[in-house]
Amino acid sequence: MDAQSPSPVPPPGCPAHNSGGRVPLHGPEFAANPQAYYDYLRHYGPTAPVELAPGVEATLVTDYATALSLLQDSGSFRKDARRWRDLNDGKIAPDSPVAPVLAYRPNCMFSDGAEHLRLRRAVTDSMARVDSRKLNQTTERVSDYLISQFGVRGSADLLGDYAKQLPLFVFNELFGCPADIGDRVLFGITGMFDGVNADKAVEVLFGAVGELVALKRSRPGDDVASWLMQHESKLTNEEMVHQLALLLVAGNEPLRNLIGNTLHRLLTHDTYAYQGGLIDEAIDDTLWENPPMQNLAPHYPAADMEFGGQQVRAGDLMLVSFAAANTGPTLTAARKAGSNRSHLAWSAGPHACPSKDPARQITMTAIENLLNRLPDIALAVPEDSLTWRPGPFNRALATLPARFTPVQPVRRPGAATAAPVSDRHEERADGRGRKPERAGMWSSFLTWLTK
């Protein structure tokens with residue numbers, strides 16, 4: 001290169017220039033400043049060689065148009081992770097930290113063709129039956145409960161105390177989870193994402209969802225789990241378990257990150273206080289610049305081919321960088337032209353997020369209720385002291401400490417009849433009652449509703 005076009009320099013801490021060119025998307029350096037990595041990756045062209053975890057190689061699509069081409073071409077690129085060549089060749093360690101996210105499961109996220117259409121239609125049709133007014137009420141109830149747990153203190157971690165828990169509670173109610181099952185769902189998903197005894201957490205989660213399916217077979221209700229079961233696609237029990245688990249897991253992590261990242265933006269950018277549409281604008285800006293899932297949408301070429309200026313082989317792991325595409329030249333121009341929702345934060349094509357509208361509604365209601373209840377809330381630590389969780393997929397803070405004037409818990413009018421699902425311990429499908437040894441978070445919420 002000449003003096004006008006210097007060779008790109010890897011960002012601080014990036015060992016790409018010493019490791020054969022693969023850029024690591026893991027570790028604290030990447031978490032602290034991913035945009036520096038994306039700026040560097042663009043010098044490879046529309047696709048770039050990356051490492052998701054030690055020994056896990058992938059091709060990352062960083063260009064908007066190229067990403068759309070991949071996401072919309074279900075003939076050339078497949079979602080079935082059983083095609084992953086490196087996994088089939090034994091190159092991926094069973095305990096790899098990225099394996100739980102990428103490993104195949106029989107759900108609509110990892111299916112293709114007619115099977116994908118059948119499973120996805122069941123999910124989208126069932127989620128479409130959720131009444132927006134009821135969703136607002138559910139989110140407000142959950143928000144009120146969580147605020148009641150920390151409001152009197154005058155301080156909170158808005159991630160651990162609020163954003164992390166709220167989506168799980170909302171989905172538990174939408175799915176009609178009784179107390180015991182809901183407690184174990186919350187335990188399972190929390191353990192999976194926190195990495196605390198993750199294998200046991202997955203076992204608990206799938207066991208709980210399996211019991212929920214058995215319960216809804218015998219006693220269907222007015223909830224998403226029952227609607228999914230009654231859908232014309234006639235899902236088997238195994239298919240039911242995997243679609244519900246997908247909705248719980250895939251719906252939780254992006255939603256908690258979106259709530260957390262939007263709150264972070266509101267607390268660190270004074271300009272929003274002087275704009276109309278405060279929360280709506282902040283959500284859009286977050287989806288553009290700090291999307292909750294920054295790199296995902298795993299695909300596998302169906303055959304050897306040239307794509308994005310590189311030769312790729314059948315079964316290569318390819319991911320889309322929503323964060324890089326959103327901040328690239330094409331999307332930046334579209335945003336300046338006034339197209340504020342042309343970002344890729346919700347993905348695109350046949351596997352685009354099927355619940356983006358409910359997710360946005362939950363986020364809006366959760367943040368609006370929090371700000372109304374705690375109007376003087378402010379960041380409790382210097383912004384530059386905040387740390388971001390490492391990992392190639394999500395974009396989320398580790399904590400978000402805040403302070404505010406203490407408030408008294410909400411007293412709910414008519415609370416004695418407010419419980420959305422059974423306020424007694426769940427009866428198993430075989431008719432035997434099951435009382436948990438210790439009340440969990442969901443049981444405590446149901447009890448709070450009836451006080």
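**Close-up 1. Arg-395 sits over the face of Trp-388.** In this predicted model, the arginine lies 3.7 Å from the centre of the tryptophan ring.

**Close-up 2. Arg-82 and the ring of Tyr-104.** Here is another arginine over an aromatic face: Arg-82 is placed 3.9 Å from the ring centre of Tyr-104.

**Close-up 3. Tyr-40 and Tyr-44 meet edge-to-face.** The structure holds 10 aromatic pairs, and one of them joins Tyr-40 with Tyr-44. Their centres are 5.8 Å apart, with 85° between the planes. If you are wondering how accessible each partner is, Tyr-40 has 10% relative accessibility and counts as buried, because that value is under 20%. Tyr-44, at 31% relative accessibility, counts as partly exposed.

**Close-up 4. Phe-77 and Phe-307 link two strands.** With ring centres 4.9 Å apart and planes at 65°, Phe-77 and Phe-307 form an edge-to-face pair, since an angle over 60 degrees earns that label. Follow the chain to see where each ring comes from: Phe-77 belongs to strand S4 (residues 77–78), while Phe-307 belongs to strand S7 (residues 305–307). The pair therefore ties together parts that are 230 residues apart in sequence. Both rings count as buried, Phe-77 at 2% relative accessibility and Phe-307 at 8%.

**Close-up 5. An aromatic cluster of Phe-30, Tyr-37 and Tyr-38.** To finish, take a look at these three residues, one phenylalanine and two tyrosines, which form one aromatic cluster.

Technical notes: Residues numbered from 1 in each chain as written. Predicted model: local features only at pLDDT ≥ 70, side-chain atom pairs only at ≥ 80, totals over all residues. Heavy atoms only, no water. Phe/Tyr/Trp six-rings, centres within 6.5 Å; stacked < 30°, edge-to-face > 60°. Buried < 20%, exposed > 50% of the residue type's maximum accessible area, 1.4 Å probe, protein only. Helix = DSSP H or I, 4+ residues; strand = E, 2+ residues; numbered from the N terminus. Lys NZ or Arg CZ within 6 Å of the ring centre and 35° of its normal.
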